[in-house]
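User: Please take a close look at the charged side chains of this protein. Which of them pair up, and where do they sit?

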Amino acid sequence: MQPPHYLMHRSLDLPFPAPHWPAGIGPVPFELQHALAAHALLVDAYAQGGGTVPARFVQWWDAVSSDEEFDPDLCFVALAADGSMAGFALCWTSSFVKDIAVAPAHRRKGVGEALLLSAFATLKARGHARIGLKVKADNPSGAQRLYERLGFVIG
């Protein structure tokens with residue numbers, strides 16, 4: 001049996017700061033060339049956290065890119081100075097964070113927070129009043145603490 005998940009949400013009407021990117025890491029617009037690295041990052045992150053993402057890129061990309069809620073402008077990419085992917089977040093058009101992952105070398109530096117704050121700003125600009133996500137109750141990464149710090153609540 002899989003451990004339970006918490007559904008969390010945050011009002012986008014509450015104030016939030018602009019993203020602050022760690023030194024040497026910055027956002028770039030999503031391009032198709034980023035999809036393979038994003039998938040690899042998600043596979044690695046979910047393997048460590050007990051989640052799942054299809055192991056085959058083609059299976060994952062076909063499912064994601066053909067979903068009616070997919071919009072490439074809601075894919076948030078953070079690259080390190082060397083061009084490697086430091087973090088990735090994918091939001092659905094329903095204002096839901098489908099996936100978020102940060103590369104091990106860049107964790108606990110503010111990349112995840114910056115990705116989420118970027119998503120907040122984009123979704124608020126599109127007229128959304130709130131954002132949601134799902135997190136495993138026993139997530140070992142500290143993700144739930146990050147979400148709570150950014151104003152997400154369970155329920």
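Analyst: What follows goes through the salt bridges one by one and then turns to a buried arginine.

This is a predicted model, in which local features need pLDDT of at least 70 and side-chain atom pairs count only at pLDDT 80 or more, while totals for chains, interfaces and linings use all residues. Residues are numbered from 1 along each chain as its sequence is written, and side-chain values use heavy atoms, with hydrogens and water left out.

A salt bridge here is a side-chain nitrogen of Lys or Arg within 4 Å of a carboxyl oxygen of Asp or Glu. The whole structure holds four of them, and three are described here.

One of them joins Asp13 to Lys124, with 3.8 Å between the closest N and O atoms. Asp13 belongs to the loop between β1 and β2 and Lys124 to helix α3, so this pair ties together parts that are 111 residues apart in sequence. Helices (H or I, at least four residues) and strands (E, at least two) are DSSP runs, numbered from the N terminus. For accessibility, buried means under 20% relative accessible area, exposed over 50%, and partly exposed in between, using a 1.4 Å probe and protein chains only. Asp13, at 56%, is exposed, and Lys124, at 37%, is partly exposed.

Another salt bridge is formed by Glu113 and Arg149, at 2.7 Å from N to O. Glu113 is in helix α3 and Arg149 in helix α4 (residues 143-149), so the pair links distant parts of the chain, 36 residues apart. Glu113 is partly exposed at 26%, whereas Arg149 is exposed at 57%.

Lys98 and Asp99 also form a salt bridge, their closest N and O atoms lying 3.3 Å apart. Asp99 is buried, with a relative accessibility of 4%, while Lys98 is partly exposed at 34%.

Now to the buried arginine. Arg10 lies in strand β1 (residues 5-11). Arg10 is buried but has no salt bridge. For charge, Lys and Arg count as positive and Asp and Glu as negative, with His and the chain ends not counted. The nearest side chain of opposite charge to Arg10 is that of Asp13, 8.4 Å away. Asp13 is the residue already described as bridged to Lys124. The side chain of Arg10 does reach the backbone oxygen of Leu14, at 3.5 Å.

Technical notes. A polar contact is a pair of N or O atoms within 3.5 Å; within protein, one must be able to donate a hydrogen and the other to accept it, and residues adjacent in sequence count only if both atoms are side-chain atoms.
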